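Morning, everyone. Please have the sequence and the structure open while I talk.

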Amino acid sequence: MKKITLFAAILTICSFAFAQTKLPSANTVTMKGLLSQDSNPKITGKQVTNTPASFAKMAIGDTVFYEDFTGGIPSGWTFLDNTGNNYDWVISNAASITATYTNTTGIASSSGGNYMLLFGDSYNASQPFVDMDAYFQTDAIDLTGFPAVEVEFQQKFRYCCGQDDRLSFYASNDNVNWTEFDTKAGVTVNTQSADPVVSTIDISCIGGNQSTVYLRWHQQDASHYYWMVDDIVVREAGVSHELSIEFDYYLDPRLFPHYSMIPANHVDTSVYAVEVKNKRPVTETGVALSVVVNDGANDVYNQSSAPDTINACVD
């Protein structure tokens with residue numbers, strides 16, 4: 001319902017209707033929209049990112065939770081292999097790991113020593129090969145009083161045998177509903193990652209000010225190679241800004257598919273609108289949609305909507 005309400009508001013305020021039955025002679029009309037804010041945002045593609053601010057309560061970067069597995073598996077953590085083969089995550093301190101297709105060192109994490117390991121290559125030493133479907137998960141972490149939080153962890157991995165294999169980080173504030181984040185960092189199949197990859201994920205809209213926050217690392221589909229994780233940190237984050245255009249509409253929102261270039265003689269009255277997601281715990285003000293229509297040589301339309309407000313953490 002929030003999404004529909006937000007969409008309706010954006011459509012009402014950020015849409016333009018005008019008649020363009022006769023445009024300057026050209027075969028095509030191109031259209032582009034730009035979402036902007038009144039606080040000098042940096043714009044990359046369809047994503048808007050502002051200079052981070054901070055809540056006054058704590059210094060940015062203060063550590064709320066830390067685990068490097070020096071003391072072994074923490075009390076209350078959960079381990080599960082959904083295949084039923086006991087292909088579980090384990091704690092390892094091996095300086096190197098070796099299997100049929102693997103000969104590599106343990107993760108060069110900042111803390112050294114123990115690290116979490118899911119070693120698919122070892123579990124699948126012989127056929128039939130089984131895709132991994134295993135995770136480890138923290139106990140509840142209390143983040144009350146921390147409105148902006150991020151998770152950082154160090155990892156090293158190699159996976160096989162499909163680009164859509166999932167090495168995912170999940171976060172939840174009720175241990176029932178989970179939000180998934182891809183952790184592969186653009187590393188392609190059968191390629192070893194950097195050692196280590198330092199991954200940082202903002203979970204403010206999931207864990208900010210929540211008393212029971214759960215974190216999970218879950219590998220699915222990939223049968224071979226390995227995934228190592230170490231030095232998990234939850235810390236107070238700077239209040240960042242991230243607005244994204246999830247869907248844009250040209251001409252008529254009911255048309256599908258939606259085109260960004262159309263023949264000029266097909267254009268009558270055009271309506272432009274966007275569906276916006278706010279992925280951070282800050283209400284954004286002064287958000288406007290700008291639309292430029294070009295006939296191939298000149299801009300024949302250039303308008304901006306009235307500023308709007310986008311509530312925090314709106315999907």
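I will go from the overall fold to the sheets, then to the charged side chains and two buried polar residues.

One caution before we begin: this is a predicted model.

Let's start with the overview. The protein has 315 residues, and 48% of them count as buried. Its secondary structure comes to three helices and 23 strands. Look at the contacts with a separation of 6 or more. Residues 24 or more positions apart account for 79% of those.

Now the sheets. Find the open sheet of five strands. The order is β6-β11-β16-β13-β14, and the pairing is antiparallel. Which strands stand at the edges? They are β6, residues 78-81, and β14, residues 179-182. Each has a single partner strand, so one side of each has no neighbour in the sheet. On average, neighbouring strands here are turned by 20 degrees against each other, ignoring direction.

Zoom in on one pair inside that sheet. Strand β11 covers residues 133-137, and β16 covers residues 214-220. They pair in the antiparallel sense over five bridges. For a landmark, take Gln 137, which stands opposite Arg 216 in β16.

Next stop, strand β10, residues 115-118. In a regular strand, side chains alternate between the two faces of the sheet. What covers β10? Both of its faces are covered: Tyr 115 and Leu 117 are buried on one side, Met 116 and Leu 118 on the other.

β10 also has pairing partners to look at. Strand β7, residues 90-92, pairs with β10 in the antiparallel sense over three bridges. There, Ile 91 stands opposite Met 116. Strand β17, residues 224-236, pairs with β10 too, antiparallel and over three bridges. In β17, Val 229 is the bridge partner of Met 116. So keep Met 116 in view: Ile 91 stands opposite it, and Val 229 in β17 is its bridge partner.

On to charge. How many salt bridges does a search of the whole structure find? Four.

Take Arg 235 with Glu 152. Their closest N and O atoms are 2.8 Å apart. Arg 235 sits in strand β17, and Glu 152 sits in strand β12, residues 149-160. That links distant parts of the chain, 83 residues apart. Both residues are buried.

Strand β12 also holds Lys 156, which forms a salt bridge with Asp 195; here the closest N and O atoms are 3.5 Å apart. Asp 195 is in the loop between β14 and β15, and this pair spans 39 residues. Are the two ends buried or exposed? Lys 156 is buried, at 1% relative accessible area. Asp 195 counts as partly exposed, at 31%.

Now go back to the open sheet. Arg 166 forms a salt bridge with Glu 180, with the closest N and O atoms 3.1 Å apart. Arg 166 lies in β13 and Glu 180 in β14, so the pair ties together parts 14 residues apart in sequence. Both ends are partly exposed: Arg 166 has 30% relative accessibility, and Glu 180 has 37%. There is also a network. Salt bridges with shared partners join Glu 150, Glu 152 and Arg 235.

Now for a charged residue without a partner. Glu 67 is in strand β5, residues 63-67. It is buried, yet it has no salt bridge. Where is the nearest side chain of opposite charge? That is Arg 235, 15 Å away. What does the side chain of Glu 67 reach instead? It reaches the backbone nitrogen of Phe 69, at 2.7 Å. Leaving aside neighbours within four places in sequence, Glu 67 is in contact with Gly 72, Pro 74, Trp 77, Asp 231 and Ile 232.

Last residue: Thr 102. Look for it in strand β9, residues 102-105. Thr 102 is buried, with a relative accessible area of 4%. Its side chain makes a polar contact with the side chain of Asp 121, at 2.6 Å. Beyond neighbours within four places in sequence, Thr 102 is in contact with Ile 97, Phe 119, Asp 121, Tyr 225 and Tyr 226.

To recap the two buried polar residues: the Glu 67 side chain reaches the backbone nitrogen of Phe 69, while the Thr 102 side chain makes a polar contact with the side chain of Asp 121.

That's my tour. Thanks.

How values were computed:
Residues are numbered from 1 along each chain as its sequence is written. This is a predicted model: local features need pLDDT of at least 70, side-chain atom pairs count only at pLDDT 80 or more; totals for chains, interfaces and linings use all residues. Side-chain values use heavy atoms; hydrogens and water are left out. Helices (H or I, at least four residues) and strands (E, at least two) are DSSP runs, numbered from the N terminus. Buried means under 20% relative accessible area, exposed over 50%, partly exposed in between (1.4 Å probe, protein chains only). Lys and Arg count as positive and Asp and Glu as negative; His and the chain ends are not counted. A polar contact is a pair of N or O atoms within 3.5 Å; within protein, one must be able to donate a hydrogen and the other to accept it, and residues adjacent in sequence count only if both atoms are side-chain atoms. Contact means heavy atoms within 4.5 Å. Two strands pair if DSSP finds at least two bridges between them. Axes are lines fitted to C-alpha atoms, for helices over the stretch in contact, and angles run from 0 to 180 degrees between N-to-C directions.
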